[in-house]
Amino acid sequence: MRTWALVAVILLSSACFVAVYSQTPVAPAPAASSFSSGIMPRLVKLGCCSADCHGTSKGKGGLRLSLFGGDVRQDFETLTRTAPGRWINPVEPKESVLLLKISGGLPHAGGAKAPAGSVDYESLAAWVASGAPWGSADLGVSAVELSFASAILKPGEKKPLVVTVTFADGSKRDATGLALFRSSDPNVVACLPPGVVEAKGPGEAVIVASYMRKSAVARVVVPQALAGAFPQFPANNKIDEFVLAKLKELGIPPSGLCTDEEFLRRVCLDLLGVLPTADEAKSFAADTDTKKRAKLIDRLLDRSEFADFQALHWADILRIKSEYPSNLWPEGAETYYRWVRGAIATNMPYDRFAREFLTSTGSNFRDGPANYWRALRKRDAQGYAESTALVFMGARLECARCHVHPTEEWTPRDNLGMAAFFAQVRIKETREWKEEIVYVDPKATLLDPRTREAVAPAPLGAGALKLAEGDDPRVAFANWLTSPDNPWFARNVVNRVWFWLMGRGIIHEPDDIRPTNPPTNPELLAFLEKELVSHKYDLKHVYRLILNSRTYQLSSLPTPQNAKDVGHFARFRPRRLGAEQLLDAISRVTESPEEFSSRIPEPFTFLPDGTRAAQVPDGSIPDKAGFLELFGKPPRDTAYEEDRANDPTMLQALHLINSTHVAGKISNSPRLARMMKDKVPDADAVDEIFLSSLSRRPTDDERKRALAYLSKDPKSRKQALEDILWAVLNSKEFLFN
C-alpha cells in the first residue's frame, strides 16, 4: 500500500507538471475522501447508478452498481474487490478504467461524465491514488438543508443555493458540489453547477437538491411584470384567498367568472357526469336569485347521479373488474360496486369508508369491502401495502419493493414495514363456484427475505408500532392512517377531489404525494385538509367548498397575462369529457341509450335498458361499439389516476365524424323524430339542440346560419336537423368541459 501511495504521489506530481507546462487549467485535486460520504455521492451525481446506466439488474459494460446508490457497501466491494485491478489502478490511477470511462478516455455509452481536470474527476483520481480506501465509517445522512427555502428572483437573476448535510453523529458538511439539483420547470428556473439557480422566465419552480437520496426543496418565484397594480378580485371563500395570494405573488391575474350557462354545464358534468336537460338550462338562465349557483350545488350533491359518478371514480381506483387481473368475477364485482356506491349515497364519513376496507373480512359474494383484498394482481402482504399506500396515502411505494426509491428515502425495509400490517390476510376458496373468503391468520408473520427475521409493522415515515398479542395489525394501521394528525390521509383525498373537479391536483400527479413533489399552493392544501378533519371527514363539505369558490367558477378563457399558467388555477382548465361522460352526453342529446353486456366471464351480464355508462358497475363490461375503450376508459389494472386517458386522438375524431355508431344515434334519434312529428318550428328546434347539448341558446350568428340551412329544402328538413346536430356534437364546446 505504501508503494502504491508513493507511485501515486509521483504520478500526480507528473500530471501537475504536464498541466502547468501545457498552460491547461486544472482544478485542484481535493484530499482523498471516504467512499460513503465523498466518492459514492459523486458517482450518484454523475448518473452512474441510474436505471439507464450501471444501476440495472445486469449492469452495463460489465459494471453493476446498486440502483440509485442504495447499497454503498456493496458498491465499494464491486469497485475495489470484484475483478481486482479491473476498475481501479492505484499504481497508475489515471489508467484506471473507471477514470478513463468517465473522462472519455475510453469509449463510454454515457459519454464523458467528468472530463479530466474537473473537480469530480480529480476527487475520484485522488481516492484511487490513495489506495481506494473505504475511509471513515458510513455515518448515514440525517438531514439535508438548503441555504434558503424560498426566493423571489427577477428574470436573469442568479442566486447560489448551498446544500448542507447533517450526518448521524451531528457533524455538518457543505455538500453543494456533491448534490443533485433538479428544477420542476427549467423554463422558469434553471440549475447551474455548482448550486446556482438562475431565473429564466415568469412562473414558479421547485428546486430539489438531493444528497444520497436525502432531499430538500426550495421554492423560487419569478413574478410576471404587470403594467400596473394587481387587479382587485373578490373572494367567495378561503379557497379564493389562498389562490389569489399565490397569483398576486406570481403577478398572474385570474380570468373573469364564467357565465351561468357555462357554470351549469360544468358543475353537472363534474358532479353528476351528465348534461343538464334543455329545461334545466332554460330554468337556470331565467333564475334571478343571486344565490342560485350555491343552491344548485346543494341540489346536485343530493341527486342519485352524484353517487353514480363518484362511484365511477372510486371503481377505477379500487379496480372493480370481474376479469384479469382483478378476477373478482361478476357477482363479486357487483357486490363490491354496490357497497361503494351505497357508501357514497349515504355520505359515509371518509375515515370510516377507508377503515371498512382495511379491516374487512368475509365472502367476496356477500361482503363488498372484502373484495378490496382480492382485486389485486399481487395478492401478498407487499402487494396489499403498495395498493393501500397508493389508494389511501397517494404514495407510490411499489418501486421500493426491490430497491430504494429513486427520489425519496424509502427503502425495501420501509416497504416491508408497511407490508407487515397485512401479513395475516389470507384468502380461501369455498364449495360455491368462485366464492372466496377473506380471513385473518393471527399466527402469520412477515419474514425479511434477506435476513429471515420477522418484520415489525411500521407505517411509512414512522417507527414500528407496538401491538399486543392477538391484535389485528390492520386495525392498528387503520387507527394510524385515519388519525387527525396523519400526514397522508386527508391530504391525499382532498387533493384527489380537487383533481377531479379542477383537472389538476394541487399536488400533481394526484397520486404522487412525496416530499420532493410539493404542492403548488401549500396553504390551500393545508386548509382543505383541516376542513375535512374538522368536519368529521365529510367529503361533501369539501366538494361544496371547492364548487362555491370563485376559483372553480372562473372562465376557461385565458388572458394574455395568465395564458401560460398551468398549476396555479388562474383560470378553469378545459378538458375533454371522460369516456363515460361523452358517451352518456351523446346518448342523452340524441335520446338513444347505449347497450352494455358481457359474455365473458360467466355468468353472462346484460345491463337493463337505459343504463348510463357512468352506472356500469364492472370494468369488464363493454359497450356495444367499443366507444369507452377508444375514448380512454382505464383498464382498471392498477389504481393510478393517469390510467384514464383523456387526450384526444385521431381515431376518436374519426369515430365521432363518420362512424356508424354515432351516425346511427343521430339518424335514429327519438328527439329529432319528435321534432319532425310535432312540426316544431325551426327556431325552437335549433334552440333545443343547443340547449340540450351546450346548455345555452345559439348566438345570433349561429341561429342565422342554422335557420338558413334548414330553409334550403323543406323536403330534406330531417337531414338538415341531423346535420346541425352532428355539427354540434363534433364541436369543441360539446366535447370539452
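Reader: What makes the backbone oxygen of F365 and the side chain of T335 a polar contact?

Author: The backbone oxygen of F365 lies 3.1 Å from a polar atom of the T335 side chain. A polar contact is a pair of N or O atoms within 3.5 Å; within protein, one must be able to donate a hydrogen and the other to accept it, and residues adjacent in sequence count only if both atoms are side-chain atoms. The value of 3.1 Å falls within that limit, so the pair counts. This is a predicted model: local features need pLDDT of at least 70, side-chain atom pairs count only at pLDDT 80 or more, and totals for chains, interfaces and linings use all residues. Residues are numbered from 1 along each chain as its sequence is written, and side-chain values use heavy atoms, with hydrogens and water left out.

Reader: Which other backbone oxygen lies 2.9 Å from the T335 side chain?

Author: That of E331. T335 itself sits in helix 11, residues 329–345. Helices here are DSSP runs of H or I with at least four residues, strands are runs of E with at least two, and both are numbered from the N terminus.

Reader: How do you know whether T335 is buried or exposed?

Author: Look at its relative accessibility, 7%. Buried means under 20% relative accessible area, exposed over 50%, and partly exposed in between (1.4 Å probe, protein chains only). The value of 7% is under the first limit, so T335 is buried.

Reader: What does T335 touch, leaving aside neighbours within four places in sequence?

Author: N364, F365, R366, D367 and G368. Contact means heavy atoms within 4.5 Å.

Reader: Why is helix 5 called largely enclosed?

Author: Count its residues. Ten of the eleven, in the stretch 119–129, are buried, so the rest of the structure largely encloses helix 5. Among them are Y121, L124, W127 and V128. Just after helix 5 comes G131, with a positive phi of about 100°.

Reader: Which residues other than glycine take a positive phi?

Author: F68 is one of them, at about 60°. R452 is another, near 65°. Most residues other than glycine have a negative phi.

Reader: What makes F68 buried or exposed, and what of R452?

Author: F68 has 19% relative accessibility, so it counts as buried. R452 has 53%, so it counts as exposed. F68 is in the loop between helix 2 (35–45) and helix 3 (72–80). R452 is in the loop between strand 13 and helix 15.

Reader: Where is L460, and is it buried or exposed?

Author: L460 is in the loop between strand 13 (436–440) and helix 15 (473–481). Its relative accessibility is 3%, so it is buried. Beyond four places in sequence it touches eight residues, including W410, M418, W480 and W488. L460 and M418 are 42 residues apart along the chain, yet their C-alpha atoms are separated by 6.5 Å.

Reader: Why are helix 7 and helix 9 called roughly parallel?

Author: Helix 7 (260–271) and helix 9 (292–301) pack at about 20°, with axes 11 Å apart. Axes are lines fitted to C-alpha atoms, for helices over the stretch in contact, and angles run from 0 to 180 degrees between N-to-C directions. Under 35 degrees counts as roughly parallel, over 145 as roughly antiparallel, 65 to 115 as roughly perpendicular, and the rest as oblique. So helix 7 is roughly parallel to helix 9.

Reader: Which residues meet there?

Author: Among them, F263, L264 and V267 in helix 7 meet L296, I297 and L300 in helix 9.

Reader: What makes helix 16 and helix 18 oblique?

Author: Helix 16 (489–502) and helix 18 (539–548) pack at about 45°, with axes 10 Å apart. That angle is in none of the named ranges, so the two helices are oblique. In the contact, V493, V494, V497, W498, W500 and L501 meet L539, V542, Y543, I546 and L547.

Reader: What is omega for the cis peptide bonds from Y324 to P325 and from H508 to E509?

Author: Near 5° for Y324 to P325. Near 0° for H508 to E509. Most peptide bonds are trans. P325 is in the loop between helix 10 (304–317) and helix 11.

Reader: How many helices and strands does the chain have?

Author: There are 27 helices and 15 strands. Buried residues make up 53% of the 737 residues.
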